[in-house]
Amino acid sequence: MLGPSVPWYLAISGILFGIGTVGVMLRRSPLIVLLSLEIMLNAGNLALVGFSRSWGVSDGQVFALAVMAVAASEVCVGLGLIVAMARKRLALDVDELSELRG
Amino acid sequence: MTALAVGGWICLLAPLAGALLITLAGTSISRRTAAYLGTLSVFVAFVGALTAFFSMWSHSPADRSELSTAFTWLSGGSFHVGMSILVDPLSIVMMLVVSGVGGLIVGYSIGYMDGDDEERRYFAYMAIFVFAMLMLVEAGNLLLLLVGWGLVGLASYLLIGFWHHRPEAVAAAKKAFVMNAIGDATMALGFFLLIFKTGSLDFSVVFGGAASLDSTTVNLVALGLLGGAVAKSAQLPLQTWLPDAMEGPTPVSALIHAATMVTAGVYLIVRTHSIFEAAHSIQDLAAGLGAATLVVAGLIALVQTDIKRVIAYSTMSQIGYMFVGAGLGAYASGMFHLVTHAFFKALLFLVAGVIIHHLAGEQDIRRMGGLKASMPRIWLAFLVGSLALVGIPPFAGFWSKDPILAAALARGDAFGWILLVTGLVGAFLTGVYTFRLFFRVFYGEPSELVTEHAHEHGDNDRVVSLSLGVPVAILTVLSTVGGLLEIAGVWDPFGSWIAQVAEPLVEPSTAQEWATSAVAVTVGAAGMWVAWAIYRTGRLSVPALPAVQRLLEHKFYFDELYDAIAYRPAQLLAMWLRNEVETPFVEGSLDEIGRVGQEAGAGVARAQTGLLRTYALAIAVSALVLAVIFVAVR
């Protein structure tokens, strides 16, 4: 087996996921929030690929491809929303968008 | 199916079809067409009854009863009830009376109700009533009989309250319905007991098994049936609804509250005579209640001032005679009096209706008088009806009332003598109150009201005067000759006809018949003489007995009594429940439940901050917690 062993990949994946989570929770700009979400998704991808290698089956890699497709569509929608907000001159701050308050 | 059954089904279903047609056609037919349709449907029923009658006539006496089942209506385990009709010599008599007299009265309504805003509704109700009454008399088992019993109560309720803008009419309708519901309930309880003990409500099973039931059961069943009969027929102690029912239109009073529905109790006793014969004390109770009612109602009728109420009390009194007959086991005499009473009482009501119509709705006899000059034909019809009611030969009532009194004499024991004496007292009272009414309305100085309306005759259109006149004329003829169906000791077709279904328990001898007839006619004539002396010539004056008068005017305080023992306690209980239970507990707990829901909602709403990052935090924390639990539990 070439390269570092699987636990290393998982460790990196966990770190990336933590960074992404903190980003989603702490940043207020929707653009950064989206970015952090992408990081989280890719952390997941990395874990999938790592496990795929660990078990020696390719299912995880197939899933990773599917996740990329989902991530791409999600970014499309998310960016579309952000562009629409910008064109309406709304504040680009997720804390300002709280009309759904109970 | 034989012609007998076909006739029976046509008779039953024609009025229902009429009612449905009038209802479904709605305003697409004129009021007059609805009236014709209603009348036609009842006459079709009469033709059906006639067909069945002639078909029955041609059968041999052993073969005159036919049970025709359309389908099984209810079945549960071994208990089956068929949608079946029984056409036999007893039910055919009732069918002919109901559809025949009913047809005449519905025809009379064409003129009487002419121009009423809700004429269509009236005729639909009338057709429904005739259907329900035919259902009652043609029912092939006790359950269907109860269905008819309830439906006539409903029709009666609807028609008493027909003028629903009058509060008194609505109150009277409610009163009639509640009083009748008491009877319906006791009947239903009796039926439950029958199902429990015999497993069936079929006439053949129940009547065949009545003799073998233990005496408590059969007494309770008979008591339940008697309760129904007493309520429907307005006998003591459930009689107070009938006078109030006069709030309905006059043809309704004639059809439902004189000729047909109120006599259903008598029919019930005759129909279920096997049960009553097995419960002898209850049968005596029926006769006793009838006797008490006939005197009480006769006394009250002496002081009533409303023309329809006088006739209503007279109806109660005459049904009392029928109960005495049925209670004595003189079934044919009771049924015969039912038939002739249907003729002359319908006649009296229709005549009263013409008078009320003529006087623009006035019903108070103190404002009438001297009508003979302006209404000679009505005078004649009323005279015939009155003579038939008092039982003066050769009019119908004479032939039918006296056999009942003779049966009381033939019974022989002390109870028989009591019944005979009360019957004779009743005959005297009948003479007095009937002719008090007659002289008050037709003789004396014409009142202002009468003079005012004296020359309005003949401006009605032809259909109205025909529709009012023809039924009155036919009923006058029937009241005159209707009694010749049966002449005691000489000519006995009616008695032997009914005896095919219900064998009489007492058979008065011819000598007893003639003796009671002579006494009864004398007593009735004496009553007429008293009325003549007081109200025509003024030779006698009304005895001044203020206490008695007050007692009679308050109808023996029955209404006040029922108010005190049923209405007031119920009202007090309801008030107490409202103040002590409803408001604090029921309403309070509802408020409490509502408040808890509101507060819970407010709490949950606080969690909905609308801040995206809080949600993300919540998700992350929950995921973390779940992961920790997952690891820990493993």
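**Exercise 1.** In this predicted model, determine whether B:A234 is buried or exposed, and describe its backbone and its place in chain B.

*Solution.*
Step 1. Count the neighbours: B:A234 has 28 C-beta neighbours inside 10 Å.
Step 2. Apply the cut-off: a residue is buried if 20 or more other C-beta atoms lie within 10 Å of its own. B:A234 therefore counts as buried.
Step 3. Examine the backbone: the phi angle of B:A234 is positive, about 55°, although this residue is not a glycine.
Step 4. Locate the residue: B:A234 belongs to the loop that runs between α8 and α9 of chain B.

**Exercise 2.** Determine whether A:R89 is buried or exposed, and state where in chain A it is placed.

*Solution.*
Step 1. Count the neighbours: A:R89 has 7 other C-beta atoms within 10 Å.
Step 2. Apply the cut-off: a residue is exposed if 12 or fewer such atoms lie within that distance. A:R89 is therefore exposed.
Step 3. Examine the backbone: A:R89 is not a glycine, yet it has a positive phi of about 60°.
Step 4. Locate the residue: A:R89 stands in the segment after α3 (59–87) of chain A.

**Exercise 3.** Describe the peptide bond from B:L236 to B:P237 and the one that joins B:P393 and B:P394, and locate B:P237 and B:P394.

*Solution.*
Step 1. From B:L236 to B:P237 the peptide bond is cis, and its omega is near 0°.
Step 2. B:P237 is found in the loop between α8 (215–232) and α9 (241–244) of chain B.
Step 3. Between B:P393 and B:P394 the peptide bond is cis, with omega about 5°.
Step 4. B:P394 lies in the loop between α16 (376–390) and α17 (396–411) of chain B.

**Exercise 4.** State how many residues each chain gives to the contact, and analyse the side of chain B that touches chain A.

*Solution.*
Step 1. Chain B gives twelve residues to the contact, and chain A gives ten.
Step 2. On the side of chain B that touches chain A, α24 (558–607) and α25 (612–633) each supply at least two residues.
Step 3. The largest share of this side, five residues, comes from α25(B).
Step 4. By type, the residues of this side of chain B are seven nonpolar, three polar and two charged.

**Exercise 5.** State into which domains chain B is divided, and how far apart the C-alpha centres of domain 1 and domain 2 of chain B lie.

*Solution.*
Step 1. Domain 1 of chain B comprises 304–312 + 326–553, and domain 2 comprises 560–633.
Step 2. The C-alpha centres of these two domains of chain B are 68 Å apart.

Notes. Residues are numbered from 1 along each chain as its sequence is written. Chains are lettered from A and ligands numbered from 1 in the order in which they are written. This is a predicted model: local features need pLDDT of at least 70, side-chain atom pairs count only at pLDDT 80 or more; totals for chains, interfaces and linings use all residues. Two residues are in contact if their C-beta atoms, placed from the backbone, lie within 7 Å. Helices (H or I, at least four residues) and strands (E, at least two) are DSSP runs, numbered from the N terminus. Ala, Val, Leu, Ile, Met, Phe, Trp, Tyr, Cys and Pro count as nonpolar, Asp, Glu, Lys and Arg as charged, and the others, Gly among them, as polar. Domain bounds come from an automatic or database domain assignment.
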